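Morning, everyone. Please pull up the model on your screens, and I will talk you through it.

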Amino acid sequence: MTTISKKNTINNNEHVVLICDNNLNLNDSGLTKSEIDFVKKQIKEQNKKSVSINQLNRWVFIQVIDEKKEKHLTLESLRKSASTIHSLIVENKLESISIIDSKNNSSEVLAFAEGLALSNYQFLKYKKDRKKETYSLKNIAIVSVNCTKEQINELNILVEATAITRTLVNEPVNFLTATQLSKEFQKLGKEAGFNVEVFNKAKIKALKMGGLLSVNLGSVEPPTFTIMEYKPKNAKNKQPVILVGKGVVYDTGGLSLKPTPNSMDMMKCDMAGGAAVGGALYAIAKAELPVYVIGIVPATDNRPGGNAYVPGDVITMYNNLTVEMLNADAEGRMILADALAYAQKYKPQLVIDLATLTGAAVAAIGTSGIVSMGTADEKIKNKLSESGNNVYERLAEMPLWDDYDELIKSDIADMKNLGGPYAGAITAGKFLQRYIDYPWMHFDIAGPAFLTAKDGYRPKGATGVGVRLLFDFFKNNF
Ligand code: BES
Ligand code: ZN
Ligand code: ZN
């Protein structure tokens, strides 16, 4: 883990990153005249934005801010540049680095530090040689008059919450069962200061959560239903905002078995929505944001074991609607429907669900963003999109037109869990819409939750998508 701290001065033997603009005022940089000339040449003539100088006793990285049309694009380019410089830092086994704000623009330096810290994440729990493989970078210092201690504290919290979320998603199901996931949430609650209640199988049965129970039928592991509550005395909202996360700890497809290797290999990531909800609550509570938030995570694995639900089964859900189950691989909507219906009892002002719900969402926009849809008003939608841009977890909205209702009609039940050949992300959303009676947004994170290759500061494997987005939304709108 890296820690980010604030520092007022630096010595001239420390490794540094100078964040500057095109004016390249490098006189106080500790670089020699010929080094400065070299840097200027690289930037002005070769059109480079990053230049690195090895002064033998220290490295100096010069990062020119690449001004884009919009502020959030400039910030993202700095996070990305930070990930490139991160590779050089670990290649050269540097342990500490100071980022110097020569332009007095705190948001840009913070974005660079964020990119560096997010790039430093590793999941080495199962490696024998993890000491040898651990990245060298331990300390990031920010030297900037305009950066406050609070901003840096918040950044540390967000980086940590993202790392926690990534680790939960990277954990395989032979460790992270539904029961273990709920235990991890309890640990997070203790550490950050929010309340956690876990319903066991008997309680879930007593509540008649038919969706969650039927997905669990093929499994030897019991399901869990976790409720996390953060309600500070100074909360700005009376009615809670509820975050619901899909907690399928492994998705084999059930009896509608997924083919291996390509489609099942990464299905330990099918609880990424649930992990993001836990991570978001962790960050919100640690930063003591004045918001009343509840997180709900229904969890189970989806397997084709002994008593597994079969296509054709009719299931009575928690809210008494019936579902003709026609594809055991459309399990996410089954467990989320129960959780969304359960959320009604809190009379929430807004509910946001996060789920690795459909391959169709990946087909539509790939790994670059989140497919979103919902019934919340335009003001909320705009605020969420703004947060999506700020943290570069962008939202692409899809319609919830009535036409799509036709596609989930069943001959014998209130609906079926399968749509037609097209608009799969939307029909999944239309299914969920039957279970809400409050303003609601659905984020399908199937694309960005888990990557098959590193992409800048997003590592290969789990990305922790959703945590920074939700935090930004709560921070800026309450
Ligand atoms: N967990 C999958 C969706 C998924 C796909 C997540 C790719 C991450 C990456 C989900 O449960 C699923 O299998 N959805 C089916 C639904 C279909 C059977 C209606 C799908 O998208 O194929
Ligand atoms: Zn599935
Ligand atoms: Zn799934």
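I will start at the metal ions, move to the ligand beside them, and finish with some spots in the chain. One thing up front: this is a predicted model.

Let's begin with ligand 2, a zinc ion. Which residues hold this zinc ion (ligand 2)? They are Asp251, Asp329 and Glu331. Asp251 uses an OD atom, and Glu331 uses an OE atom. Asp329 gives both its O and an OD atom. The distances run from 2.0 to 2.2 Å. If you want to find these donors in the sequence, look for the spacing D-x77-D-x1-E.

Now the geometry. Why is the arrangement around the zinc ion (ligand 2) called irregular? There are 6 donor atoms, and they subtend angles of 72 to 168 degrees, which makes the arrangement irregular. For six donors to count as octahedral, opposite donors must be over 155 degrees apart and all others between 65 and 115. This site does not get that label; the 6 donor atoms here are irregular.

On to ligand 3, also a zinc ion. Its protein donors are Lys246 through NZ, Asp251 and Asp270 through OD, and Glu331 through OE. They lie 1.9 to 2.4 Å from the metal. Along the chain, these donor residues are spaced K-x4-D-x18-D-x60-E.

Is this second site octahedral or irregular? The site of the zinc ion (ligand 3) is octahedral, with 6 donor atoms and angles of 77 to 173 degrees among them. For reference, ideal angles for six octahedral donors are 90 or 180 degrees.

Where do two of these donors sit in the fold? Aspartate 270 is in the loop between strand 10, residues 247-251, and helix 9, residues 272-286. Glutamate 331 is in the loop between strand 13, residues 322-324, and helix 10, residues 332-343. So the pair ties together parts that are 61 residues apart in sequence.

What links the two metals? Aspartate 251 does: it coordinates both the zinc ion (ligand 2) and the zinc ion (ligand 3). The two ions are 3.2 Å apart.

Next, how open are the donors? Buried means under 20% relative accessible area. Glutamate 331 is at 0%, so it counts as buried. Aspartate 270 is buried as well, at 2%. Aspartate 329 is at 23%, so it is partly exposed.

Now to ligand 1. How many residues are around it? There are 16, and those that come nearest are Asp251, Lys258, Asp270, Asp329 and Gly359. Asp251 and Asp329 should sound familiar: they are also donors to the zinc ion (ligand 2). Asp270 is a donor to the zinc ion (ligand 3).

What is that shell made of? It has 5 nonpolar, 4 polar and 7 charged residues.

Some contacts with ligand 1 are worth pointing at. A backbone N or O atom of glycine 359 is 2.6 Å from an oxygen atom of the ligand. Lysine 246 brings a polar side-chain atom to 3.2 Å from a ligand oxygen. Threonine 356 places a backbone N or O atom 3.4 Å from a nitrogen atom of ligand 1. As for cover, ligand 1 on its own has 520 Å² of accessible area, and the protein covers 80% of that.

Let's move to the backbone. Threonine 260 and proline 261 are joined by a cis peptide bond, with omega about 0 degrees. Proline 261 sits in the loop between strand 10 and helix 9. You have met that loop already: aspartate 270 is there.

Two residues have a positive phi without being glycine. Leucine 24 has a phi of about 50 degrees. Find it in the loop between strand 2 and helix 1. Is leucine 24 buried or exposed? At 2% relative accessibility, it counts as buried. Asparagine 104 has a phi near 55 degrees. Its loop runs between strand 5 and helix 3. At 43%, asparagine 104 counts as partly exposed.

Last, two pairs across the sequence. Leucine 73 lies in helix 2, residues 71-91. It is partly exposed, at 27%. Its C-alpha is 9.8 Å from that of valine 391, with their positions 318 residues apart in sequence. Alanine 111 is in helix 3, residues 106-119, and is buried at 3%. Alanine 111 and phenylalanine 471 are 360 residues apart along the chain, and their C-alpha atoms are separated by 15 Å.

Definitions and conventions. Residues are numbered from 1 along each chain as its sequence is written. Chains are lettered from A and ligands numbered from 1 in the order in which they are written. This is a predicted model: local features need pLDDT of at least 70, side-chain atom pairs count only at pLDDT 80 or more; totals for chains, interfaces and linings use all residues. Side-chain values use heavy atoms; hydrogens and water are left out. A residue is near a molecule or strand if one of its heavy atoms lies within 4 Å of it. A polar contact is a pair of N or O atoms within 3.5 Å; within protein, one must be able to donate a hydrogen and the other to accept it, and residues adjacent in sequence count only if both atoms are side-chain atoms. Accessible areas come from the Shrake-Rupley method with a 1.4 Å probe; for residues, only the protein chains shown count as cover. Ala, Val, Leu, Ile, Met, Phe, Trp, Tyr, Cys and Pro count as nonpolar, Asp, Glu, Lys and Arg as charged, and the others, Gly among them, as polar. Donors are N, O and S atoms within 2.8 Å of the metal (3.2 Å for Na, K and Ca); water is not among the atoms, so sites may look incomplete. Four donors count as tetrahedral if all angles lie between 85 and 135 degrees; four count as square planar and six as octahedral if opposite donors are over 155 degrees apart and all others between 65 and 115; anything else is irregular. Buried means under 20% relative accessible area, exposed over 50%, partly exposed in between (1.4 Å probe, protein chains only). Helices (H or I, at least four residues) and strands (E, at least two) are DSSP runs, numbered from the N terminus.
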